[in-house]
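Subject: Structure handover

Hello,

Here is the structure for your records. My notes on what was found in it follow below.

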Amino acid sequence: MNNYFSIGKLVSVFGLQGELILKHSLGKKTSLPGVEALFLEERKNSFIPYFVQKTSVKDHEHVFVKLEGIDTKEAARRLVQVPVYLGEEDFKKQAASSAPLSMLGYAVHDKQQGELGVIEEVIEMPMQVLVKVIFREKEMLLPLNEQSLVKVDKKHQIVHVDLPEGLLDIYLE
């Protein structure tokens with residue numbers, strides 16, 4: 001995802017003027033101040049910019065969004081369930097530093113194996129966070145939870161982990 005960061009997806013239509021509800025994982029209540037465009041992934045790896053006309057906070061993880069050119073309920077309906085991305089600069093301004101999503105682009109360093117790769121995706125689960133890393137040309141999903149997460153070094157953008165014995169072997173065999 002070249003300089004685009006996934007923040008969530010459009011989950012439903014609101015009203016008759018083409019407003020949508022964006023469910024995000026930015027880790028804070030926000031109306032996306034200063035964001036001029038959202039990038040929608042209507043087709044795999046194709047990020048289409050939609051200019052933001054107005055936004056307003058719904059709750060901690062939802063924002064009402066009005067996009068330029070989407071003026072009817074029908075036009076909005078075809079964008080429901082479409083993943084939403086921000087450009088890198090906007091993402092860094094919007095994501096709460098405590099949000100797991102803010103670890104995108106951080107290096108992962110394991111106690112035994114050393115450097116594993118860069119976090120390409122963050123998947124939030126009820127009891128833990130999974131991060132997608134490419135290690136030795138293989139895609140790995142690594143758990144970040146109380147047992148595996150040692151520390152997050154924000155200054156150097158490194159996530160230090162102590163992965164369970166045998167976990168990497170599953171991916172490397």
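The chain has three helices and 12 strands. This is a predicted model, so please read everything below as computed from the predicted coordinates. Of the 173 residues, 43% count as buried. Along the principal axes, the C-alpha atoms fill a box of roughly 55 × 30 × 25 Å. Among contacts with a sequence separation of 6 or more, 55% are between residues 24 or more positions apart.

The barrel

Six strands form a closed barrel in the order 1-2-5-4-3-6, and the pairing is antiparallel. On average, neighbouring strands of this sheet are turned by 45° against each other, with direction ignored. Strand 1 (residues 4–14) and strand 6 (residues 83–87) run antiparallel and are joined by five bridges. In that part of the barrel, Phe-5 stands opposite Leu-86 of strand 6.

The UniProt record, an unreviewed entry, places the feature "domain: RimM N-terminal" at residues 7–87. In the model this span is 57% strand and 6% helix, and its end C-alpha atoms lie 10 Å apart.

Strand 5

Strand 5 covers residues 62–67, and six of its six residues are buried. In a regular strand, side chains alternate between the two faces of the sheet. Here both faces are covered: His-62, Phe-64 and Lys-66 are buried on one side, and Val-63, Val-65 and Leu-67 are buried on the other.

Strand 5 has a partner on each side in the barrel order. Strand 2 runs antiparallel to strand 5 and is joined to it by four bridges. Strand 4 (residues 46–59) is also antiparallel to strand 5, with six bridges between them. Phe-64 is a convenient residue for locating both pairings: Ile-21 stands opposite Phe-64, and so does Ser-56. The connection from strand 4 to strand 5 is a hairpin through two residues.

His-24

Is His-24 buried or exposed? The relative accessible area of His-24 is 3%, and the cut-off for buried is under 20%, so His-24 counts as buried. His-24 belongs to strand 2, which spans residues 19–24. Leaving aside residues up to four places away in sequence, His-24 touches Ile-7, Gly-8, Thr-30, His-60, Glu-61, His-62 and Val-63. A polar atom of the His-24 side chain lies 3.2 Å from the backbone nitrogen of Leu-26.

Salt bridges

How many salt bridges does the structure hold? There are eight salt bridges, and some of them are described here.

Glu-61 and Lys-23 meet through their side chains in a salt bridge, at 3.6 Å from N to O. Glu-61 lies in the loop between strand 4 and strand 5 while Lys-23 is in strand 2, so this pair ties together parts that are 38 residues apart in sequence. Glu-61 is partly exposed, at 33% relative accessibility, and Lys-23 is also partly exposed, at 36%. Glu-61 is one of the residues that His-24 touches.

Glu-89 forms a salt bridge with Lys-93, and their closest N and O atoms are 3.7 Å apart. These two residues both lie in helix 2 (residues 88–94), four residues apart, which is about one turn of the helix. Glu-89 counts as exposed at 60% relative accessibility, as does Lys-93 at 55%.

Lys-111 forms a salt bridge with Asp-162, with the closest N and O atoms 3.7 Å apart. This pair links distant parts of the chain, 51 residues apart: Lys-111 is in the loop between strand 7 (107–110) and strand 8 (114–124), and Asp-162 is in the loop between strand 12 (158–161) and helix 3 (167–172). Lys-111 counts as exposed, at 62% relative accessibility. Asp-162 is partly exposed, with a relative accessible area of 25%.

Finally, Glu-121, Lys-132 and Glu-139 are linked in a network of salt bridges.

Regards

How values were computed. Residues are numbered from 1 along each chain as its sequence is written. This is a predicted model: local features need pLDDT of at least 70, side-chain atom pairs count only at pLDDT 80 or more; totals for chains, interfaces and linings use all residues. Side-chain values use heavy atoms; hydrogens and water are left out. Buried means under 20% relative accessible area, exposed over 50%, partly exposed in between (1.4 Å probe, protein chains only). A polar contact is a pair of N or O atoms within 3.5 Å; within protein, one must be able to donate a hydrogen and the other to accept it, and residues adjacent in sequence count only if both atoms are side-chain atoms. Contact means heavy atoms within 4.5 Å. Two strands pair if DSSP finds at least two bridges between them. Axes are lines fitted to C-alpha atoms, for helices over the stretch in contact, and angles run from 0 to 180 degrees between N-to-C directions. UniProt positions are given in the numbering used here, feature names are shortened, and annotations may be inferred rather than shown by experiment. A salt bridge is a side-chain nitrogen of Lys or Arg within 4 Å of a carboxyl oxygen of Asp or Glu.
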